[in-house]
Amino acid sequence: MLLTVTTTHRPATDLGYLLVKHPGKVHSFDMPTGTAYVMYPEATDDRCTAALLLDVDPQRLRARADSFELSQYVNDRPYAASSLLASALAKVFRTALRGASKDRPELAAEAIPLEIRVPVLRGSAELVTRLFTPLGWAVTATPIPLEEEVGGGDSRYVDLALTGTLRLADALNHLYVLLPVLDDGKHYWVAPDEIEKLLRSGAGWLAGHPEKVLIARRYLAHRKSYATTALTLLDADQPVSEEEAELPVARKAPLAGQRRDAVLAALAEVGATRVLDLGCGPGALLTALIKDTRFTEIVGADVSSRALDQAARRLRLDQMSERQRNRITLIQTALTYRDGRLSGYDAAVLMEVIEHVDLPRLPALEASVFGRAQPGAVVVTTPNVEYNVHYEGLTGMRHSDHRFEWTRAEFAGWAEGVAERYGYTVTIRGVGDPDETTGAPTQLALFRKTETTTEVTA
Amino acid sequence: MIDIPELSLVVLVGISGSGKSTFARTHFAPTQVLSSDFFRGLVADDENDQSASAAAFDVLHYVAGKRLAAGRLTVVDATNLQSHARAGLIAVAREHDVLPVVIVLDVPESVAWDRTQARPDRSFDRRVLTRMQRDLRRSLGQFAREGFRKVHVLRGEEEIAGAEIRYEKLFNDRRDERGPFDIVGDVHGCRAELETLLGTLGWELVRDEAGRPVDATHPEGRTAVFVGDLVDRGPDSPGVLRLVMGMVGAGHAICVPGNHEQKLARKLAGRTVQLTHGLPETLEQLAAEPEEFVHRAKAFIDGLVSHYVLDDGKLVVAHAGLKEAYHGRASGRVRSFALYGETTGETDEYGLPVRYPWAQEYRGSAAVVYGHVPTTRPEWINNTICLDTGCVFGGALTALRWPERELVGVPAAKEYYAPIRPLTTVETEPDRGLDIADVTGRKHLEYGYGRTTVPAENAAAALEVMGRYSIDPETLIWLPPTMAPCSSSTVDGYLEYPATAFADLRSAGVDQVVCEEKHMGSRAVVRISASGVGDSIWTRTGRPFFAPELLEPLLARVRVAVEPILAELETDWLLLDTELLPWSAKAGGLIRDQYAGVGAAGRAALPAALAVLDQVAARDLDVSALRDRIELRSAEIDGYSAAYRAYVKPTDGLTGVTLAPFAVLAGAGVSYAAKDHGWHLAIADRLVAADPELFTPTRRFVLDLADPSAEAEATDWWLALTGAGGEGMVVKPYAGLATVSAKNRLVQPGVKCRGREYLRIIYGPEYTRPEQLDRLRQRNLGRKRNLALREHGLGLAALDRLAEGAPSWQVHELVFAILAAESEPVDPRL
């Protein structure tokens, strides 16, 4: 993997002083994942280019297996710019990154004409442009095509060229932060000190960057608590829930909260005190349910044991008082199996769950919930696909695991059919700020079990 | 002589020093005896600490409960002088439906006092002993009222010393009767149909002077079993009683009571009962019979035992069925369940009680045959079957031949009685299958080809896959096992090479193998039938391949090709093991994002690096070593790109999609695991011939492993195959899937031997460098082989169970275990 830095600031060979690497030599540095080389393909007074080439040793990469998800497979690490290259950059150009220079201190503090090229960088041209443009770069991001044999089209890589007049230290810090951000995966375990590294390298530019949320989150490898800390330190806004993480940033914040409130209101409406949260995931709703003492028995059920572990951590189950702890149970279940533990509750919530089930398997879920568990009420929420036109830049569905998204008519048709088949009545409402033509972003159905009056004919 | 039931809770009663512990030691195994002293010691470090009694009895009751649940005789050694202490034990016995028995050791107080004083650890007042003696006297008359079913009082040292224990069988224990049986469903006074049915089953009727049947005999010595409800509603209840009483009396039949007999007996005993549900008809018919007959009938009914365990415990008969925990147990609620079943407490729209679906939850190994609930068609559900086919309602009278499991029915001559609600059909019951408890938690499986333990965390991971992505788990009857590669080869430039594959099988004792072309696609299991009901195609993890609108046309084409084979094999359906081609049809996204993406990145990055290096070199700097390395990489990435491109072919919907079948796993009631691969491939070839556009042939090479020239030929065949871009081959024992070694151990169903170029997309573009190959040759195949063999055995067992008609949960637990095994940490490149 490769990046080059070029300046036309005369004398251009002063670049060697700034980088503390003599243009007349080939420099090599041993890195944990291979060997980094610094060399100068051109070095004249008019124009000087330094190249940082990291020769990744796949064997050494694999030896570090556990810290790196792709290590066991064929991967792009030897070719694409990534956190490996950022690490090499930090090691090899440490002084320049700090903006220091023993030999040319004034030049180090001066904005000079720079050209940066990263021939293979993971990321879409659109995102690359969004990240670098606000920093004062003229961005040319050319998608690298896939071969015709596999259907052609763009690969997930671009050939990036940046031009601008900036301090070299700023340029290098931009790369140091944004290469791993674009790569969206770090080759080492993200520890809390990464927050500090991010803030240090982002000093002076990150706080004002329109994409700081995305940058913080990706840089910190999606460790939400870290990103939140970093953003708080940057005085940023507070977002968001997991489900919306893939949506364009600006849209997400209010909806998750509105949806949760709507579900709680529906539960209050039916007077439920013993409730099931089916498909509770990492516990977005559970945290709200446990705070409300009206709910005396709360069961969070999910098919993923990992999600349940996350929920347990989020709820701090191990630190809960006995009385609180007795109110909540987390169980792993799959709605395609009979599960007696789910019977006999006042209400069940399926918040943003049904759209994660293959349509042909939906009747099995209906049978489990409405046919067998038979709670007194069922609250179902799901996206309103009509509203998707308002999500700028959204192609396809709102989440990569959604198997379908319904229009209001489709949802209503389904809900009425279920109610009819299983002896419930249903009312449907929108959640979130409604739009005149497309309706609200989320739709909610509240089912109530019909009282079965046994007619005994004499 | 003290008679106690084989399974019972024996409560010893006696004052301190009466010799209970000695008695227990003499007559019972140490582990059968739970002594209060011992449990006091466990919870308080002091056997005499009376303040620990409550805790000690808590634990004692718990242990007694565990023993009784497992069907083990349990003896409680404690004074048990107070009724509240005994009440706790009675409750434990009832909870596990075993009979509580009391044995009283009654010795003179002076004898007990002498013994007590001789023991250094006992220091209490004589008054305590006197009080105990008083309690004992008071207790003696109360045992029967408290619920003890047998009371034995041994008076004096001599009687205690001379006592002998004799075990008696429970009435319901007829495990030593092995049939064969003809089990008859609810007759309800349909004498004519019963006569016809018995005739159809080969019975010869014995008639009295009036021509009425009074007995029947079977030339093959079969035994008839009646599931109860002989009477009411139908035209001749006395006639049915006469015949069945005669058969039972002669030892030709066994009969359990139904709720209708129960009610009739109550009426005949003079109790007030509602004259409904066909009882008036019976009473009217009985009125025409002599009083002596009515008396005999009443005595017959009173003597009936509510359920039987037969045939070494493999068969249980009860009128309304019986859940596993009640098999061979005796209590009021066991009898009640056997007679009436369990109800939910609700009533349905016809005002009839809603029955609890115990059969759906039944997980026992004994078959339970019952009646009580009229159904249109008898069907096995979890090893239980209801034989009541509503004869009196105009349905049929049905019998089950055991152990043949063959159903024989005769239609009713007419509708004798109108049903209150329509007959239940099994199909209308929404779920009968799988319970979450069948798959969650740590599971130990014995599956015929071996045993395995599924760790809870693997089960949890598999449940997520099954829950989120799989087709209906009940229809997921088999999953392909993973396959181990051949041992690493030392041939220059190769990691895998035919010689080691052949050597692997040779060392497993295999002498003839078939080399089958390994198709580079996606493993696809096809379930196909003539009717189209339940057909599906799924992946190696149980996911559906296509949305219904693509799946159905594909299945329809497969169906056309398979139809003549279905007819020939006399099966309604077949399960085919196939590869779906091309790879890109299912893995298109993966190829583009992962494999082709890496190729594109490499093909862009390496030339860019070379350009930089050329410029640097032009400045008279020496970068030649680095340049050579990058140039080699560049060639390797080209080879890698060529490798994955070979498996990409354009498809549009189903156009371009083909199936390469290579094994026929199962059909209705049969597993084809024992068929040799010649048979499997012949069927595959016929499918290809029937629809060459849909089916892709599997190239193969059969060879004798003792023949070196054949091995050389096979090696050339493999080199040509892989040289032309083929993935490689699978070498299988020719004898078939269920091949076993000389030691009768299952042999790997095949080892894969993958081509040199193909392995670039597995091990990376540069894997053929000598130093890398040396490292890769050290790969450890042990885990992978164990896993492959375990999954293979589980799969074979699933096919066997399917063929035997085992309950779906028994098939599913094995299939689920295959998926769970895939959570084992094994190098995914193997």
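Two residues are said to be in contact if their C-beta atoms, placed from the backbone, lie within 7 Å.

**View 1. The overall fold of chain B in this predicted model.** Among the contacts in chain B with a separation of 6 or more, 72% join residues that stand 24 or more positions apart. The chain holds 26 helices and 32 strands, and of its 830 residues 46% count as buried.

**View 2. The extent of chain B along its principal axes.** The C-alpha trace of chain B spans about 115 × 80 × 55 Å. Its radius of gyration is 36 Å, whereas a compact globule of 830 residues would have a value near 28 Å.

**View 3. Strand β16 of chain B and its partner β17.** Strand β16(B), which covers residues 343–347, lies largely in the open because the number of buried residues among its 5 is 0. This strand pairs with β17(B), residues 353–355, in the antiparallel sense over 2 bridges, and within this pairing T347(B) stands opposite P353(B) of β17(B). In a regular strand the side chains alternate between the two faces of the sheet.

**View 4. The contact between chain B and chain A.** Chain B gives 47 residues to this contact, and chain A gives 50 residues. On the side of chain B that touches chain A, the helices α16 (456–469), α19 (583–618) and α20 (624–645) each supply at least two residues, and the largest share, 17 residues, comes from α19(B). Sorted by character, the residues on this side of chain B comprise 27 nonpolar, 8 polar and 12 charged.

Technical notes
Residues numbered from 1 in each chain as written. Chains lettered and ligands numbered in written order. Predicted model: local features only at pLDDT ≥ 70, side-chain atom pairs only at ≥ 80, totals over all residues. Buried ≥ 20, exposed ≤ 12 C-beta atoms within 10 Å, placed from the backbone. Helix = DSSP H or I, 4+ residues; strand = E, 2+ residues; numbered from the N terminus. Pairing = 2+ DSSP bridges. Rg over C-alpha atoms; globule rule 2.2 N^0.38 Å. Nonpolar A, V, L, I, M, F, W, Y, C, P; charged D, E, K, R; others polar.
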